[in-house]
Amino acid sequence: MSNDSTMTMELFRHAINEIMPYCRSVCLAGSGEFLTDPLQKERLTMLGNTLRHHPEVMLYQTTNASLLTANNLLFLKGVRKVGFTISIDSVDALTYASIRRPGTLSKVQENIRLLRDELHALGLEDIHIRLNVVIMKRNIFSLPDVLRFAREIHAAVYVDHPQGFGHDDLHQESLFRFPAFSNAFLDKCQELAEILNVPFQRPPPFAIYPEEVEKYYNASKEKTLYCYQLNKEGPIQIQANGDVSVCCQSLVFGNLHQQSFKEIFFSPRYTKYREAIAAGHPLPPCNHCRHLYRTAPYLYESSAYDLNIPPESRNLDPEPDLEKEGFLDWLDELSEKQLRHQLRQDYLAKGKRLLTLGITEEIASFEQQKRMNDTFSSWILEKLRIVVYPAGRQAAWLMRHTLLSRTNILGFSDRNVEMYGKSFCGYSVIAPSDIPGLNPDIFLVASDLYKDQICQDFAHLKSTGTKIITL
(Lines give C-alpha, C1' and ligand atoms only; values in the text may rest on other atoms or scores of the structure.)
Protein backbone atom coordinates (compact mmCIF):
# COMPACT_ATOMS: atom_id res chain seq x y z
CA MET A 1 0.00 0.00 0.00
CA SER A 2 1.96 2.93 -1.24
CA ASN A 3 1.90 6.48 -2.47
CA ASP A 4 3.89 9.66 -2.00
CA SER A 5 1.45 10.73 0.70
CA THR A 6 0.74 8.85 3.91
CA MET A 7 -2.25 6.57 4.27
CA THR A 8 -4.31 7.23 7.40
CA MET A 9 -4.48 4.50 10.02
CA GLU A 10 -8.26 4.46 9.65
CA LEU A 11 -8.00 3.57 5.95
CA PHE A 12 -5.12 1.19 6.63
CA ARG A 13 -7.20 -0.71 9.19
CA HIS A 14 -10.16 -0.83 6.81
CA ALA A 15 -7.98 -1.99 3.91
CA ILE A 16 -6.32 -4.78 5.92
CA ASN A 17 -9.71 -6.14 7.01
CA GLU A 18 -11.09 -5.91 3.46
CA ILE A 19 -8.24 -7.70 1.66
CA MET A 20 -7.49 -10.60 3.99
CA PRO A 21 -10.12 -13.02 2.61
CA TYR A 22 -8.76 -12.58 -0.91
CA CYS A 23 -4.97 -12.46 -0.70
CA ARG A 24 -2.15 -14.96 -0.41
CA SER A 25 0.42 -12.29 0.38
CA VAL A 26 0.49 -8.68 1.52
CA CYS A 27 3.09 -5.95 1.03
CA LEU A 28 3.24 -2.61 2.83
CA ALA A 29 4.88 -0.72 -0.04
CA GLY A 30 5.42 -1.85 -3.58
CA SER A 31 7.86 1.02 -4.17
CA GLY A 32 9.78 3.08 -1.67
CA GLU A 33 10.99 1.79 1.68
CA PHE A 34 8.28 0.53 4.04
CA LEU A 35 10.42 1.15 7.14
CA THR A 36 10.53 4.91 6.52
CA ASP A 37 6.76 5.26 6.96
CA PRO A 38 6.08 7.87 9.69
CA LEU A 39 3.33 5.55 11.02
CA GLN A 40 5.56 2.49 10.80
CA LYS A 41 5.20 1.43 14.45
CA GLU A 42 1.39 1.45 14.43
CA ARG A 43 1.20 -0.21 11.02
CA LEU A 44 3.68 -2.98 11.79
CA THR A 45 2.00 -3.79 15.11
CA MET A 46 -1.38 -4.11 13.41
CA LEU A 47 0.06 -6.06 10.48
CA GLY A 48 1.89 -8.52 12.75
CA ASN A 49 -1.28 -9.19 14.76
CA THR A 50 -3.28 -9.68 11.56
CA LEU A 51 -0.76 -12.12 10.05
CA ARG A 52 -0.67 -14.16 13.26
CA HIS A 53 -4.45 -14.57 12.93
CA HIS A 54 -4.08 -15.44 9.22
CA PRO A 55 -1.10 -17.83 9.06
CA GLU A 56 -1.98 -18.76 5.47
CA VAL A 57 -1.12 -15.22 4.31
CA MET A 58 2.51 -14.33 3.62
CA LEU A 59 4.13 -10.95 4.15
CA TYR A 60 6.03 -10.46 0.90
CA GLN A 61 7.84 -7.17 1.24
CA THR A 62 9.86 -5.09 -1.20
CA THR A 63 12.83 -3.38 0.44
CA ASN A 64 16.34 -2.07 -0.19
CA ALA A 65 17.42 -3.80 3.08
CA SER A 66 19.17 -0.68 4.42
CA LEU A 67 16.89 -0.67 7.49
CA LEU A 68 16.27 -4.41 7.66
CA THR A 69 17.76 -4.86 11.14
CA ALA A 70 16.83 -7.34 13.85
CA ASN A 71 14.98 -4.69 15.84
CA ASN A 72 12.85 -3.70 12.84
CA LEU A 73 11.86 -7.34 12.28
CA LEU A 74 10.43 -7.95 15.76
CA PHE A 75 6.85 -7.39 14.58
CA LEU A 76 7.14 -10.72 12.70
CA LYS A 77 7.53 -12.82 15.86
CA GLY A 78 4.99 -15.64 15.65
CA VAL A 79 4.20 -15.02 11.96
CA ARG A 80 4.38 -18.13 9.81
CA LYS A 81 5.45 -17.06 6.31
CA VAL A 82 7.51 -14.19 4.96
CA GLY A 83 9.26 -13.21 1.76
CA PHE A 84 11.52 -10.31 0.86
CA THR A 85 12.25 -8.91 -2.57
CA ILE A 86 15.46 -6.96 -2.08
CA SER A 87 16.43 -4.33 -4.62
CA ILE A 88 20.20 -4.45 -4.68
CA ASP A 89 21.34 -4.03 -8.35
CA SER A 90 25.00 -4.79 -7.59
CA VAL A 91 27.33 -6.30 -5.00
CA ASP A 92 30.22 -4.10 -6.11
CA ALA A 93 30.58 -1.20 -3.70
CA LEU A 94 31.21 1.55 -6.24
CA THR A 95 28.57 0.39 -8.70
CA TYR A 96 26.05 0.09 -5.89
CA ALA A 97 26.83 3.60 -4.66
CA SER A 98 26.38 5.02 -8.16
CA ILE A 99 22.89 3.50 -8.41
CA ARG A 100 21.54 3.64 -4.85
CA ARG A 101 22.86 6.99 -3.72
CA PRO A 102 24.11 7.62 -1.11
CA GLY A 103 23.94 3.99 0.01
CA THR A 104 26.80 1.94 1.41
CA LEU A 105 26.82 -1.66 0.21
CA SER A 106 28.62 -3.21 3.20
CA LYS A 107 25.84 -2.26 5.63
CA VAL A 108 23.14 -3.56 3.30
CA GLN A 109 24.97 -6.84 2.63
CA GLU A 110 25.38 -7.45 6.34
CA ASN A 111 21.64 -6.96 6.88
CA ILE A 112 20.89 -9.41 4.06
CA ARG A 113 23.37 -12.01 5.31
CA LEU A 114 21.82 -11.95 8.78
CA LEU A 115 18.22 -11.84 7.58
CA ARG A 116 17.43 -15.55 7.40
CA ASP A 117 18.97 -16.33 10.81
CA GLU A 118 17.14 -13.40 12.43
CA LEU A 119 13.82 -14.58 10.98
CA HIS A 120 14.51 -18.13 12.16
CA ALA A 121 15.17 -16.73 15.65
CA LEU A 122 11.68 -15.19 15.56
CA GLY A 123 10.17 -18.60 14.79
CA LEU A 124 9.67 -18.26 11.04
CA GLU A 125 10.42 -21.30 8.91
CA ASP A 126 8.82 -20.51 5.53
CA ILE A 127 11.20 -17.81 4.29
CA HIS A 128 11.69 -16.64 0.70
CA ILE A 129 14.36 -14.16 -0.39
CA ARG A 130 14.78 -12.73 -3.87
CA LEU A 131 17.39 -10.27 -5.11
CA ASN A 132 16.17 -7.84 -7.77
CA VAL A 133 18.64 -6.41 -10.27
CA VAL A 134 17.85 -3.72 -12.84
CA ILE A 135 20.50 -4.46 -15.47
CA MET A 136 22.25 -1.61 -17.28
CA LYS A 137 25.64 -0.84 -18.77
CA ARG A 138 26.99 0.20 -15.38
CA ASN A 139 26.10 -2.97 -13.47
CA ILE A 140 25.84 -5.80 -16.01
CA PHE A 141 29.29 -7.12 -15.08
CA SER A 142 28.22 -7.27 -11.41
CA LEU A 143 25.62 -9.94 -12.15
CA PRO A 144 27.88 -13.03 -11.71
CA ASP A 145 28.80 -11.85 -8.21
CA VAL A 146 25.13 -11.21 -7.44
CA LEU A 147 24.47 -14.86 -8.35
CA ARG A 148 27.29 -16.00 -6.05
CA PHE A 149 25.90 -13.85 -3.25
CA ALA A 150 22.45 -15.34 -3.86
CA ARG A 151 23.88 -18.81 -3.47
CA GLU A 152 25.47 -17.81 -0.17
CA ILE A 153 22.17 -16.55 1.28
CA HIS A 154 19.87 -19.09 -0.44
CA ALA A 155 18.08 -16.50 -2.57
CA ALA A 156 16.62 -16.30 -6.06
CA VAL A 157 17.67 -13.62 -8.55
CA TYR A 158 15.29 -11.64 -10.75
CA VAL A 159 16.68 -9.33 -13.43
CA ASP A 160 15.03 -6.96 -15.87
CA HIS A 161 15.84 -3.94 -17.98
CA PRO A 162 14.84 -0.56 -16.53
CA GLN A 163 11.63 1.06 -17.71
CA GLY A 164 10.87 4.77 -17.87
CA PHE A 165 14.14 6.20 -16.53
CA GLY A 166 13.24 9.83 -17.03
CA HIS A 167 16.90 10.99 -17.26
CA ASP A 168 18.81 11.08 -20.54
CA ASP A 169 22.00 9.76 -18.95
CA LEU A 170 20.19 6.67 -17.66
CA HIS A 171 18.36 6.34 -20.97
CA GLN A 172 21.79 5.89 -22.53
CA GLU A 173 22.45 3.00 -20.15
CA SER A 174 19.88 0.64 -21.63
CA LEU A 175 21.13 -2.71 -22.91
CA PHE A 176 18.63 -2.45 -25.75
CA ARG A 177 21.57 -0.65 -27.41
CA PHE A 178 23.73 -3.79 -27.21
CA PRO A 179 21.47 -6.76 -28.01
CA ALA A 180 24.10 -9.30 -29.12
CA PHE A 181 26.40 -8.54 -26.19
CA SER A 182 23.48 -8.70 -23.73
CA ASN A 183 22.19 -12.01 -25.06
CA ALA A 184 25.61 -13.65 -24.86
CA PHE A 185 26.41 -12.33 -21.39
CA LEU A 186 23.01 -13.26 -19.90
CA ASP A 187 23.34 -16.74 -21.43
CA LYS A 188 26.62 -17.15 -19.55
CA CYS A 189 24.97 -15.92 -16.35
CA GLN A 190 22.19 -18.44 -16.89
CA GLU A 191 24.77 -21.23 -17.08
CA LEU A 192 26.48 -19.97 -13.93
CA ALA A 193 23.16 -19.81 -12.07
CA GLU A 194 22.48 -23.41 -13.06
CA ILE A 195 25.85 -24.57 -11.71
CA LEU A 196 25.38 -22.54 -8.51
CA ASN A 197 21.82 -23.89 -8.12
CA VAL A 198 20.40 -20.36 -7.95
CA PRO A 199 16.88 -19.72 -9.31
CA PHE A 200 17.41 -17.13 -12.04
CA GLN A 201 14.66 -15.21 -13.81
CA ARG A 202 15.81 -13.11 -16.74
CA PRO A 203 14.04 -11.21 -19.53
CA PRO A 204 13.77 -12.84 -22.96
CA PRO A 205 16.75 -12.40 -25.31
CA PHE A 206 16.77 -9.61 -27.87
CA ALA A 207 15.66 -10.42 -31.39
CA ILE A 208 18.58 -9.85 -33.75
CA TYR A 209 18.15 -12.00 -36.86
CA PRO A 210 15.17 -11.54 -39.23
CA GLU A 211 13.56 -14.81 -38.19
CA GLU A 212 13.76 -13.75 -34.52
CA VAL A 213 12.22 -10.37 -35.27
CA GLU A 214 9.42 -12.17 -37.10
CA LYS A 215 8.79 -14.38 -34.05
CA TYR A 216 8.66 -11.27 -31.88
CA TYR A 217 5.91 -9.71 -33.95
CA ASN A 218 4.08 -13.02 -34.34
CA ALA A 219 3.83 -13.28 -30.54
CA SER A 220 1.11 -10.61 -30.67
CA LYS A 221 -0.52 -11.90 -33.83
CA GLU A 222 -0.67 -15.42 -32.43
CA LYS A 223 -2.21 -14.11 -29.22
CA THR A 224 0.57 -15.40 -27.00
CA LEU A 225 0.94 -12.29 -24.81
CA TYR A 226 -0.05 -12.97 -21.24
CA CYS A 227 -0.16 -10.83 -18.11
CA TYR A 228 0.76 -12.87 -15.06
CA GLN A 229 -0.19 -9.98 -12.81
CA LEU A 230 -3.72 -9.46 -14.12
CA ASN A 231 -4.42 -13.18 -14.45
CA LYS A 232 -2.70 -14.65 -11.42
CA GLU A 233 -0.79 -12.95 -8.64
CA GLY A 234 -1.32 -9.19 -8.85
CA PRO A 235 -0.09 -6.98 -7.21
CA ILE A 236 -3.25 -5.12 -6.34
CA GLN A 237 -2.16 -1.82 -4.81
CA ILE A 238 -4.19 0.36 -2.47
CA GLN A 239 -3.04 3.96 -2.63
CA ALA A 240 -3.10 6.47 0.21
CA ASN A 241 -6.28 8.05 -1.19
CA GLY A 242 -8.09 4.71 -1.37
CA ASP A 243 -7.59 4.12 -5.12
CA VAL A 244 -7.14 0.44 -5.97
CA SER A 245 -4.81 -0.22 -8.91
CA VAL A 246 -4.78 -3.80 -10.13
CA CYS A 247 -1.25 -4.22 -11.45
CA CYS A 248 2.16 -2.55 -11.43
CA GLN A 249 0.82 0.15 -13.75
CA SER A 250 -1.59 2.91 -12.69
CA LEU A 251 -4.66 0.92 -13.75
CA VAL A 252 -7.30 1.92 -11.18
CA PHE A 253 -10.46 -0.19 -10.95
CA GLY A 254 -12.06 1.45 -7.90
CA ASN A 255 -11.70 3.24 -4.58
CA LEU A 256 -12.17 1.77 -1.10
CA HIS A 257 -13.99 4.90 0.02
CA GLN A 258 -16.68 4.18 -2.55
CA GLN A 259 -16.68 0.37 -3.02
CA SER A 260 -15.84 -2.77 -1.13
CA PHE A 261 -12.63 -4.57 -2.01
CA LYS A 262 -14.73 -7.58 -3.05
CA GLU A 263 -16.53 -5.49 -5.68
CA ILE A 264 -13.25 -4.24 -7.08
CA PHE A 265 -11.62 -7.68 -6.94
CA PHE A 266 -14.41 -9.15 -9.07
CA SER A 267 -14.71 -6.14 -11.39
CA PRO A 268 -15.86 -6.97 -14.96
CA ARG A 269 -13.07 -4.68 -16.17
CA TYR A 270 -10.61 -7.51 -15.49
CA THR A 271 -12.18 -9.56 -18.29
CA LYS A 272 -12.02 -6.61 -20.68
CA TYR A 273 -8.30 -6.04 -20.09
CA ARG A 274 -7.38 -9.74 -20.09
CA GLU A 275 -9.20 -10.34 -23.37
CA ALA A 276 -7.52 -7.34 -24.99
CA ILE A 277 -4.10 -8.68 -24.01
CA ALA A 278 -4.93 -12.18 -25.21
CA ALA A 279 -6.09 -10.75 -28.55
CA GLY A 280 -2.73 -9.01 -29.00
CA HIS A 281 -4.14 -5.50 -28.57
CA PRO A 282 -3.44 -4.46 -24.96
CA LEU A 283 -5.33 -1.44 -23.67
CA PRO A 284 -3.46 1.51 -22.08
CA PRO A 285 -1.39 1.42 -19.91
CA CYS A 286 -0.82 -2.28 -20.65
CA ASN A 287 0.19 -1.48 -24.21
CA HIS A 288 3.63 -0.36 -22.99
CA CYS A 289 4.22 -2.73 -20.08
CA ARG A 290 7.45 -4.68 -20.02
CA HIS A 291 5.90 -7.50 -17.98
CA LEU A 292 3.80 -8.64 -20.94
CA TYR A 293 6.96 -9.44 -22.83
CA ARG A 294 8.51 -11.72 -20.25
CA THR A 295 6.44 -14.52 -21.80
CA ALA A 296 7.34 -13.50 -25.37
CA PRO A 297 10.13 -15.35 -27.22
CA TYR A 298 12.15 -12.16 -27.75
CA LEU A 299 12.44 -8.46 -26.96
CA TYR A 300 12.72 -5.98 -29.81
CA GLU A 301 10.60 -2.80 -29.70
CA SER A 302 12.09 -0.60 -26.97
CA SER A 303 8.76 1.22 -26.57
CA ALA A 304 7.65 -1.67 -24.35
CA TYR A 305 10.09 -0.22 -21.81
CA ASP A 306 9.14 3.42 -22.44
CA LEU A 307 12.30 3.92 -24.49
CA ASN A 308 13.07 5.10 -27.99
CA ILE A 309 16.08 3.15 -29.22
CA PRO A 310 15.58 2.45 -32.94
CA PRO A 311 16.88 -0.95 -34.12
CA GLU A 312 19.18 0.73 -36.66
CA SER A 313 20.96 2.59 -33.83
CA ARG A 314 21.87 -0.54 -31.92
CA ASN A 315 25.37 -1.97 -31.69
CA LEU A 316 25.25 -5.62 -32.84
CA ASP A 317 28.83 -6.42 -31.86
CA PRO A 318 28.85 -9.24 -29.26
CA GLU A 319 32.05 -7.70 -27.84
CA PRO A 320 31.59 -3.92 -28.04
CA ASP A 321 34.33 -1.46 -27.18
CA LEU A 322 33.45 -0.95 -23.50
CA GLU A 323 35.46 2.27 -23.13
CA LYS A 324 34.16 3.83 -26.33
CA GLU A 325 30.55 2.83 -25.61
CA GLY A 326 30.62 4.40 -22.16
CA PHE A 327 30.30 1.30 -19.98
CA LEU A 328 32.59 2.96 -17.41
CA ASP A 329 31.37 6.56 -17.66
CA TRP A 330 29.45 6.20 -14.41
CA LEU A 331 32.74 6.36 -12.49
CA ASP A 332 33.00 10.04 -13.42
CA GLU A 333 29.80 10.66 -11.43
CA LEU A 334 31.55 9.89 -8.13
CA SER A 335 33.84 12.44 -6.52
CA GLU A 336 37.25 11.46 -5.19
CA LYS A 337 35.87 11.78 -1.67
CA GLN A 338 33.00 9.41 -2.49
CA LEU A 339 35.34 6.92 -4.14
CA ARG A 340 37.63 6.85 -1.13
CA HIS A 341 34.75 6.50 1.32
CA GLN A 342 33.05 3.67 -0.56
CA LEU A 343 36.27 1.74 -1.14
CA ARG A 344 37.32 2.15 2.48
CA GLN A 345 33.96 0.80 3.73
CA ASP A 346 34.07 -2.07 1.25
CA TYR A 347 37.62 -3.15 2.11
CA LEU A 348 36.87 -2.94 5.84
CA ALA A 349 33.78 -5.13 5.46
CA LYS A 350 35.59 -7.68 3.28
CA GLY A 351 38.54 -7.81 5.64
CA LYS A 352 36.34 -8.42 8.68
CA ARG A 353 34.40 -11.13 6.85
CA LEU A 354 37.53 -12.92 5.69
CA LEU A 355 38.88 -12.86 9.25
CA THR A 356 35.71 -14.48 10.57
CA LEU A 357 33.70 -16.60 8.12
CA GLY A 358 34.59 -15.85 4.51
CA ILE A 359 37.37 -18.33 3.73
CA THR A 360 36.00 -20.88 6.20
CA GLU A 361 32.65 -20.94 4.41
CA GLU A 362 34.28 -21.38 1.00
CA ILE A 363 36.43 -24.28 2.24
CA ALA A 364 33.38 -25.84 3.90
CA SER A 365 31.45 -25.64 0.64
CA PHE A 366 34.12 -27.58 -1.28
CA GLU A 367 34.42 -30.11 1.53
CA GLN A 368 30.66 -30.60 1.60
CA GLN A 369 30.53 -31.47 -2.10
CA LYS A 370 33.40 -33.96 -1.64
CA ARG A 371 31.57 -35.56 1.31
CA MET A 372 28.40 -35.83 -0.75
CA ASN A 373 30.14 -37.68 -3.55
CA ASP A 374 31.94 -39.94 -1.05
CA THR A 375 28.55 -40.74 0.51
CA PHE A 376 26.93 -41.45 -2.86
CA SER A 377 29.89 -43.67 -3.84
CA SER A 378 29.35 -45.79 -0.74
CA TRP A 379 25.62 -46.09 -1.53
CA ILE A 380 26.50 -47.29 -5.03
CA LEU A 381 28.88 -49.95 -3.67
CA GLU A 382 26.34 -51.11 -1.07
CA LYS A 383 23.49 -51.06 -3.63
CA LEU A 384 21.27 -49.13 -1.23
CA ARG A 385 17.73 -48.24 -2.26
CA ILE A 386 17.06 -44.48 -2.27
CA VAL A 387 13.99 -42.24 -2.19
CA VAL A 388 14.66 -38.52 -2.68
CA TYR A 389 12.45 -35.78 -1.21
CA PRO A 390 11.34 -33.23 -2.35
CA ALA A 391 11.34 -33.28 -6.15
CA GLY A 392 12.61 -29.74 -6.48
CA ARG A 393 15.46 -27.58 -7.70
CA GLN A 394 18.06 -28.93 -5.25
CA ALA A 395 17.26 -32.54 -6.13
CA ALA A 396 17.58 -31.74 -9.84
CA TRP A 397 20.92 -30.03 -9.19
CA LEU A 398 22.22 -33.05 -7.27
CA MET A 399 21.21 -35.33 -10.14
CA ARG A 400 23.13 -33.19 -12.65
CA HIS A 401 26.23 -32.30 -10.67
CA THR A 402 26.95 -35.17 -8.25
CA LEU A 403 27.06 -38.97 -8.21
CA LEU A 404 23.48 -39.21 -6.92
CA SER A 405 22.26 -40.08 -10.43
CA ARG A 406 24.33 -43.31 -10.31
CA THR A 407 22.76 -44.59 -7.10
CA ASN A 408 19.82 -47.01 -6.95
CA ILE A 409 17.00 -44.46 -6.88
CA LEU A 410 13.53 -45.95 -6.38
CA GLY A 411 11.82 -42.64 -7.08
CA PHE A 412 11.23 -39.08 -5.94
CA SER A 413 8.52 -37.90 -3.59
CA ASP A 414 6.87 -34.53 -3.03
CA ARG A 415 3.89 -33.04 -1.21
CA ASN A 416 2.68 -31.38 -4.43
CA VAL A 417 -0.19 -33.61 -5.56
CA GLU A 418 0.05 -32.27 -9.12
CA MET A 419 3.42 -34.03 -9.50
CA TYR A 420 2.19 -37.50 -8.55
CA GLY A 421 2.70 -40.05 -11.32
CA LYS A 422 4.73 -37.61 -13.40
CA SER A 423 8.39 -37.98 -14.30
CA PHE A 424 11.15 -36.07 -12.53
CA CYS A 425 14.74 -36.56 -13.72
CA GLY A 426 13.55 -39.76 -15.38
CA TYR A 427 11.90 -41.21 -12.26
CA SER A 428 8.31 -41.36 -11.09
CA VAL A 429 7.11 -38.96 -8.38
CA ILE A 430 5.12 -40.65 -5.61
CA ALA A 431 3.03 -39.42 -2.70
CA PRO A 432 4.73 -39.37 0.72
CA SER A 433 2.21 -41.96 1.93
CA ASP A 434 3.56 -44.43 -0.65
CA ILE A 435 7.16 -44.28 0.56
CA PRO A 436 6.91 -47.07 3.20
CA GLY A 437 5.64 -49.45 0.52
CA LEU A 438 8.92 -49.07 -1.37
CA ASN A 439 10.89 -50.08 1.72
CA PRO A 440 13.86 -47.78 0.96
CA ASP A 441 17.16 -48.01 2.80
CA ILE A 442 17.70 -44.24 2.52
CA PHE A 443 15.31 -41.29 2.60
CA LEU A 444 17.42 -38.44 1.20
CA VAL A 445 16.32 -34.92 2.17
CA ALA A 446 17.21 -32.70 -0.81
CA SER A 447 16.50 -29.36 0.85
CA ASP A 448 18.91 -27.26 2.88
CA LEU A 449 16.31 -24.68 3.88
CA TYR A 450 13.57 -26.99 5.15
CA LYS A 451 15.51 -30.07 6.19
CA ASP A 452 14.68 -29.79 9.91
CA GLN A 453 10.95 -29.67 9.26
CA ILE A 454 11.15 -32.49 6.70
CA CYS A 455 13.10 -34.70 9.11
CA GLN A 456 10.44 -34.06 11.73
CA ASP A 457 7.57 -34.80 9.33
CA PHE A 458 9.10 -38.09 8.17
CA ALA A 459 10.58 -39.32 11.46
CA HIS A 460 8.13 -42.24 11.37
CA LEU A 461 10.16 -43.83 8.55
CA LYS A 462 12.89 -44.71 11.04
CA SER A 463 10.62 -47.32 12.59
CA THR A 464 10.68 -49.25 9.30
CA GLY A 465 14.49 -49.28 9.18
CA THR A 466 14.84 -46.39 6.72
CA LYS A 467 17.65 -43.96 7.43
CA ILE A 468 16.86 -40.25 7.04
CA ILE A 469 19.87 -38.50 5.54
CA THR A 470 20.47 -34.77 5.12
CA LEU A 471 23.33 -33.27 3.15
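**Exercise 1.** In this predicted model, find which residue just after α7 takes a positive phi, and then describe the helix that comes before that residue.

*Solution.* Begin just after α7, where Asn197 takes a positive phi of about 65°. Next, turn to the helix itself: α7 covers residues 179-196, which makes 18 residues, and from its first C-alpha to its last it reaches 25 Å, close to the 26 Å expected at 1.5 Å a residue.

**Exercise 2.** Determine which residues of α7 are buried and what covers them.

*Solution.* Taking buried to be under 20% relative accessible area, one finds that the buried residues of α7 are Pro179, Ala180, Phe181, Ser182, Asn183, Phe185, Leu186, Cys189, Ala193 and Leu196. The cover over these buried residues of α7 includes α5, β6 (200-201) and α13 (393-401).

**Exercise 3.** Describe how α4 and α5 pack, and sort the residues of their contact by class.

*Solution.* First take the geometry: α4 (residues 105-121) packs with α5 at an angle of about 35°, and the two axes are 9 Å apart. Then name the partners, which are Gln109, Ile112, Arg113 and Arg116 on the α4 side and Phe149, Glu152 and Ile153 on the α5 side. Sorted by class, this contact of α4 with α5 has 3 nonpolar, 1 polar and 3 charged residues.

**Exercise 4.** Locate Arg138, and decide whether Arg138 is buried or exposed.

*Solution.* Arg138 lies in the loop that runs between β4 (126-134) and α5 (143-153). Because its relative accessible area is 7%, Arg138 counts as buried. As a last step, look at its side chain, which is joined to that of Ser98 by a polar contact of 3.1 Å.

Technical notes
Residues numbered from 1 in each chain as written. Predicted model: local features only at pLDDT ≥ 70, side-chain atom pairs only at ≥ 80, totals over all residues. Heavy atoms only, no water. Helix = DSSP H or I, 4+ residues; strand = E, 2+ residues; numbered from the N terminus. Buried < 20%, exposed > 50% of the residue type's maximum accessible area, 1.4 Å probe, protein only. Polar contact = N/O pair within 3.5 Å; in protein donor to acceptor, adjacent residues only side chain to side chain. Axes fitted to C-alpha atoms, helices over the stretch in contact; angles between N-to-C directions. Contact = heavy atoms within 4.5 Å. Nonpolar A, V, L, I, M, F, W, Y, C, P; charged D, E, K, R; others polar. Expected span 1.5 Å × (residues − 1).
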